[in-house]
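These are my notes from going through a model at the desk. I wrote each entry as I looked the item up.

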Amino acid sequence: MNEPASTSAPPLLEVRDLAVRFPVGRTAGLIGGPAAEVRAVDGVSVSLARGETLGLVGESGCGKSTTGRAVLQLVRPSAGSVRFQGEPIHEWWVRRGGRWQWDHRLRNLRRRMQMIFQDPYASLNPRMTVEAILGEPLRNFRIAPGGRQRQRVQRLMETVGLDPRFIRRYPHEFSGGQRQRIGIARAIALEPELIVADEPVSALDVSIQAQILNLLARLRADLGLTMLFIAHDLAAVRHISDRIAVMYLGRIVELAAAREITAAPLHPYTKALISAVPLPDPAGERSRRRIVLSGDLPSPMNPPPGCPFHTRCPLREDRCIREEPQLRDVAPGHQVACHLA
Amino acid sequence: MANPDVVLEIRDLRTFFRTDDHLVKAVDGLSFSVRRGETLGIVGESGSGKSVACLSALRLLPTPPAFHPSGVIRYGGDDLLRIPERAIERLRGDRLAMIFQDPMTSLNPYLTVARQLTEVLEVHKRASPSAARQGAVAMLERVGIPDAARRIDQYPHQFSGGMRQRVMIAMALLCEPDVLFADEPTTALDVTIQAQILELIAELREALGMAVVLVTHDLGVVAGTTDRVAVMYAGRIVEEGGTDEVFARPLHPYTRGLLASMPRIDTPPGTVLEAIPGLPPDLGHPPGGCPFHPRCPQATDRCRRDRPPAVAVSPTHRAACFEVEVAG
């Protein structure tokens with residue numbers, strides 16, 4: 001688990017041309033024409049080196065959460081590949097009784113990849129004590145059997161900053177921030193290598209967000225975690241990520257080092273997104289030139305032709321309406337999908 | 001009221017809720033005023049009492065369980081806490097308006113936008129149906145709804161989140177109110193849409209000369225859009241001042257803590273955030289003395305014992321902290 005990261009080592013996670021499409025509504029007409037579908041994720045390619053944190057940022061409906069779920073095979077990718085340490089885990093599904101299910105390999109892989117959810121109220125079973133919640137993954141994978149399990153749970157609680165004396169308590173007896181600590185403890189209980197954190201702080205108060213961000217940063221260092229950090233809050237994403245991928249309508253439109261993407265964004269959408277983030281600095285806010293985008297996000301059921309951003313782009317040219325720009329290298333480690341960048 | 005520009009003044013407001021086993025002091029001695037054309041930001045975390053303060057000002061809380069052991073809400077020579085129900089109903093939606101985080105809480109999903117907007121003008125301005133419709137379309141255009149004359153006949157669900165927020169703003173502003181209470185108006189929106197809505201509120205405030213009370217948890221939003229800011233904690237204002245002053249020289253340890261705990265896009269990534277330790281207080285069992293003392297790095301025995309009064313460090317900037325008294 002603590003192999004040194006090197007440039008020649010294969011990435012821990014490699015995603016290629018990932019697509020997730022959801023059918024919408026019933027098949028149109030009696031004859032059964034093609035049903036509509038939402039292209040939630042539409043050709044995402046990204047890789048994570050061991051120990052790296054990649055931030056995935058974008059607005060609601062851009063496909064960032066679905067990307068995270070498809071990486072963990074919580075939804076089955078419609079196309080493309082997801083390789084975990086070189087293994088094609090997107091193939092580890094079997095069709096039983098007309099439904100797709102994980103095969104045994106994917107189930108075992110849960111030990112090595114875990115998720116932290118946004119809503120610490122909805123993601124913990126209200127009828128289970130902390131001991132049961134944190135003990136469940138240990139039982140499922142027969143780790144620390146017998147009396148050692150309680151000890152293990154108590155140690156986990158200490159690791160995430162919860163008082164181990166509260167082991168018998170139920171989720172409703174904890175605050176939002178403490179519940180998120182329980183969710184984090186559950187995710188790290190099996191000592192995974194990869195964590196997908198989907199909006200882990202956005203449901204929390206400002207003063208508590210910092211506590212959780214600091215906790216995640218410390219755990220990442222202590223446990224050598226590789227992390228996919230998904231959030232709409234660019235400041236939080238930038239704080240914790242080594243690199244950031246900006247998504248728009250199911251696609252990555254820009255990918256670069258965290259520092260670079262905020263200091264020198266190239267895609268007009270990234271620029272608008274950064275300029276829209278309010279800064280806690282009145283003088284700075286007054287002098288800032290804000291790019292206010294017109295209009296709303298187009299529907300992912302009916303994405304525009306050409307560049308997905310062209311309907312709101314202040315720099316649009318004819319070419320952008322006709323031709324979809326591909327994600328390409330513009331500088332070492334900096335990729336952008338824009339004809340004009 | 002000393003200052004003729006002050007349109008609304010709240011003095012020593014307390015809003016308590018009686019629950020089965022205890023008393024929740026949601027707002028506990030709140031005073032502030034707003035002037036014509038000004039935006040006052042009220043910033044605080046969940047449970048700080050910022051929303052309850054606004055709902056109290058418009059008398060939108062059911063009593064019981066809510067009640068007001070003290071307080072005066074001065075508007076146009078009246079005390080809003082003491083005028084008859086009929087009188088406050090006449091003011092609500094006309095002179096005093098409110099918009100919420102979730103537009104679906106104030107828009108009826110069963111009625112067309114036209115029906116909901118024209119009703120406001122028919123009730124408050126006794127407008128004829130055709131004049132009301134004309135006024136409603138004009139206001140929808142003003143808040144930036146394209147094709148307003150057609151879209152007014154649609155239902156709320158046919159609008160996107162940002163457009164729905166615009167519809168709610170249009171409804172609140174139909175009668176050109178004196179005071180607009182905006183409770184987390186952009187929290188549910190994406191940042192690019194948030195920027196549009198904040199800009200719209202600022203434009204309309206200027207055009208109509210109304211006062212805006214902007215309730216938010218986001219210090220970035222406060223910095224960009226307000227003239228003055230009041231920081232609330234445990235039902236009280238712990239610091240109040242000109243927005244520039246408060247950000248340049250935050251006095252209260254809570255304000256300083258909030259600023260230091262925010263990740264920012266203009267600081268080096270990976271900076272360790274100075275989180276505020278502990279949790280906001282349970283208002284059913286608030287700590288004695290200064291409500292912030294259990295989380296305060298500078299707390300002394302006196303803070304545990306006594307409640308600090310607000311101390312002014314300039315004519316416009318005050319904070320409720322014993323440290324400030326010492327320094328000032």
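Entry 1, the core. The model is a predicted one, and I began with its largest nonpolar core. That core holds 192 residues, and A:Val246, B:Ala170, B:Val179 and B:Val213 touch the most other members. I checked which domains of chain B feed this core: domain 1 (6-95 + 175-265 + 273-327) and domain 2 (104-174) each supply at least three residues.

Entry 2, one residue of the core. Which residues does B:Val213 touch, leaving out those up to four places away in sequence? I listed B:Val34, B:Leu40, B:Ile42, B:Cys54, B:Val179, B:Phe181 and B:Ala182.

Entry 3, the strand that carries it. Strand E8 of chain B spans residues 211-216 and is mostly covered, with six of its six residues buried. I then sorted the side chains by direction. B:Ala211, B:Val213 and B:Val215 point one way from E8(B), while B:Val212, B:Leu214 and B:Thr216 point the other way, and all are buried.

Entry 4, the neighbours of E8(B). Strand E3 (residues 39-43) of chain B runs parallel to E8(B) and is joined to it by five bridges. Within this pairing I found B:Leu40 with B:Val213 as its bridge partner. E7(B) also pairs with E8(B) in the parallel sense, over five bridges. There, B:Ala182 stands opposite B:Leu214.

Entry 5, the whole sheet. I traced an open sheet of eight strands in chain B, in the order E6-E7-E8-E3-E9-E10-E12-E11, with mixed pairing. Why do strands E6 (96-99) and E11 (311-314) of chain B each have one side without a neighbour in the sheet? They stand at the edges and have a single partner strand each, so nothing in the sheet flanks the other side. From one strand to the next, the twist averages 20°.

Entry 6, the E6 edge. I followed E6(B) to its partner, strand E7 (residues 179-183) of chain B; the two run parallel and are joined by four bridges. B:Ala97 has B:Leu180 in E7(B) as its bridge partner. Helix H6 (residues 161-173) of chain B lies across E6 and E7 of chain B, at about 170° to E6(B).

Entry 7, the two domains of chain B. Chain B is divided into domain 1 (6-95 + 175-265 + 273-327) and domain 2 (104-174). I noted 29 Å between their C-alpha centres. The contact between them takes 16 residues from domain 1 and 13 residues from domain 2. On the domain 1 side, H7(B) gives the most, with seven residues. I split that side by type and got twelve nonpolar, two polar and two charged residues.

Entry 8, the contact between chains. I found 37 residues of chain B in contact with 36 residues of chain A. Which elements of chain B give two or more residues to this side? They are helix H7 (191-208), helix H8 (219-225), helix H9 (243-248) and helix H10 (253-261). The largest share, six residues, comes from H7(B). By type, the chain B side divides into 18 nonpolar, twelve polar and seven charged residues.

Entry 9, a hairpin in chain A. Strand E6 (residues 93-96) and strand E7 (residues 99-102) of chain A run antiparallel, joined by four bridges. I noted A:Val94 opposite A:Gln101 in E7(A). The two strands form a hairpin with two residues between them, and A:Gly97 in the turn has a positive phi of about 55°.

Key: Residues numbered from 1 in each chain as written. Chains lettered and ligands numbered in written order. Predicted model: local features only at pLDDT ≥ 70, side-chain atom pairs only at ≥ 80, totals over all residues. Pairing = 2+ DSSP bridges. Axes fitted to C-alpha atoms, helices over the stretch in contact; angles between N-to-C directions. Contact = placed C-beta atoms within 7 Å. Core = buried A, V, L, I, M, F, W, Y, C linked by C-beta atoms within 7 Å. Buried ≥ 20, exposed ≤ 12 C-beta atoms within 10 Å, placed from the backbone. Domains from an automatic or database assignment. Nonpolar A, V, L, I, M, F, W, Y, C, P; charged D, E, K, R; others polar.
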